[in-house]
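Visitor: Please choose a single part of this model and take me through it closely, explaining your terms as you go.

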Amino acid sequence: MRQQRLITIAAMLIFAFALPAQAQDNLLTNGGLEEGEFGPYQGAGRGTLNIPAGWSIWLAYGDTGQYYNRGDEVYAFPSRGPEPTPIEGQAIANIHAGYVTFTAALYQTIDVAPGTNLTATASSYLIACTLDDDDEFGKCASDPASGAQTRIGIDPDGGNDPNAPEVVWSSWEQAHNYWGQMQVQATATGGTATLFLYMTQATVNQFNYAYWDNAILSIGGEGGAALIAEATPAADTGTTVVTLPPTATPRPRLQYAPFVVPQSNTMAESVEPIIHVVRQGDTFDAIAYAYGLTRDELLEMNPELPSMRFLRVGQRIIVQPGSTAGVAATEEATEEPAATPTG
């Protein structure tokens, strides 16, 4: 009998040590985005917006056009598969909208001591596409050209706005038709910290679905803080170029989408044009939003853009034309004075 107990205890210890460390100390409530013991998904202001217990939702409401940034058109429900099948458990969070673009984030705030290093992981699955004549009704392969992508971020001060500059972000994940995992690390600066599960896309599609599962926030890792971008003059071009410092894992200062960093102090009084250089993950609407522009205003400054289906990394986009008043004053000051008649 005693031998049997020892064998049982040994087996339990082996099983406990075999579990991933993070699985034993998840600081999140309902990190699996389940129903079950946590109860059903909860309404978040309207009947079409239902999110897992323990979580809140943030939605972007833009003014860039009828089909863009339509937070009012977002639906949220639990999904039980089979496409996609949950990684673990019975349910996954499903955030979606049709024939519009949207940007949304599920988030949760936890208590934590200042100075604590945190590591977060979560998995997403994307379906963004429009049916072709040959597609089976209701089904189409997710299209990377949609610009649909996800990432996760930690606000080390516990805020509930993903636009806050303090948020530390993971790299983008374009998990089209597969589960893709993201990871990010940060160091808590206040008594709380917030994990964001963030999703966006660039083009209007018939279907825009983002699924989430297995969110884990645990103590440990190397920590870190958000990086701040700088504006530097571009040689011999008469423009100002917005760039980010190099880093192995991009952690941009967010305004709407990653790597879109407005320089408000420069934008206010610049005589020369301000240029945004497109980086991986930028979207057209994200750039417009970040610089306080509408879609039409950005198109007016860049008339070649409507004929281009995609943005290219390294592409230069005008986000503020040079001040004509400033240019006129400069030209007037440098003009040669008229000859004065001598009597």
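Guide: Two strands are said to pair if DSSP finds at least two bridges between them, and the strands themselves are DSSP runs of E with at least two residues, while helices are runs of H or I with at least four residues, each kind numbered from the N terminus. What you see is a predicted model, in which local features need pLDDT of at least 70 and side-chain atom pairs count only at pLDDT 80 or more, whereas totals for chains, interfaces and linings use all residues. Residues are numbered from 1 along each chain as its sequence is written, and side-chain values use heavy atoms, with hydrogens and water left out.

The part I have chosen is an open sheet of five strands, and it is useful to place it in the chain before going into detail. The protein chain contains six helices and 16 strands, and of its 343 residues 47% are buried, where buried means under 20% relative accessible area, exposed over 50%, and partly exposed in between (1.4 Å probe, protein chains only). Among the contacts in the chain with a separation of 6 or more, those between residues 24 or more positions apart account for 74%, a contact being heavy atoms within 4.5 Å.

Read across, the sheet has the order β3-β6-β11-β8-β9, and its pairing is antiparallel. At the edges are β3, residues 56-59, and β9, residues 168-169, each of which pairs on one side only. Strands of a sheet pair through backbone hydrogen bonds, either parallel or antiparallel.

Starting from the β3 edge, four bridges join β3 to β6 in antiparallel fashion, and within that pairing I57 has L106 in β6 as its bridge partner. Strand β6 itself, residues 104-111, is mostly covered, since six of its eight residues are buried. On the way to the next strand, eight bridges connect β6 with β11, and these two strands also run antiparallel.

Strand β11 spans residues 192-200, and L195 is a good place to pause in it. Q108 stands opposite L195 in β11, and I154 likewise stands opposite L195, so that this residue can be followed from strand to strand in the order β6-β11-β8. The pairing of β8 with β11 comprises seven bridges, and there too the two strands run antiparallel.

A second residue of β11 deserves a closer look, namely A193, which is found in that strand and counts as buried because its relative accessibility is 0%. Leaving aside its neighbours within four places in sequence, A193 is in contact with Q108, T109, I110, V112, L118, D155 and G158. Distance along the chain and distance in space can be set side by side here, for A193 and P114 are 79 residues apart in sequence and 9.2 Å apart in space, C-alpha to C-alpha.

Outside the order of this sheet, A186 gives a view of it from a neighbouring strand. A186 is found in strand β10, residues 180-187, and is buried, with a relative accessible area of 0%. Not counting residues up to four places away in sequence, A186 touches T116, N117, L118, I154, V168, G223 and G224; I154, one of these, is the residue that stands opposite L195 in β11, and V168, another, falls in the edge strand β9. The C-alpha atoms of A186 and D155 are separated by 8.0 Å, although the two residues are 31 residues apart along the chain.

Finally, the stretch of chain that leads into β8 carries a covalent link. A search of the whole structure finds one disulfide, a term that here means a pair of cysteine sulfur atoms within 2.5 Å. The disulfide is formed by C129 and C140, with their sulfur atoms 2.0 Å apart, and with 70° about the S-S bond the link is right-handed. C129 lies in strand β7, residues 117-129, and C140 in the loop between β7 and β8, residues 149-155, so the pair ties together parts that are 11 residues apart in sequence. Both ends are covered: C129 counts as buried at 3% relative accessibility, and C140 is buried with a relative accessible area of 15%.
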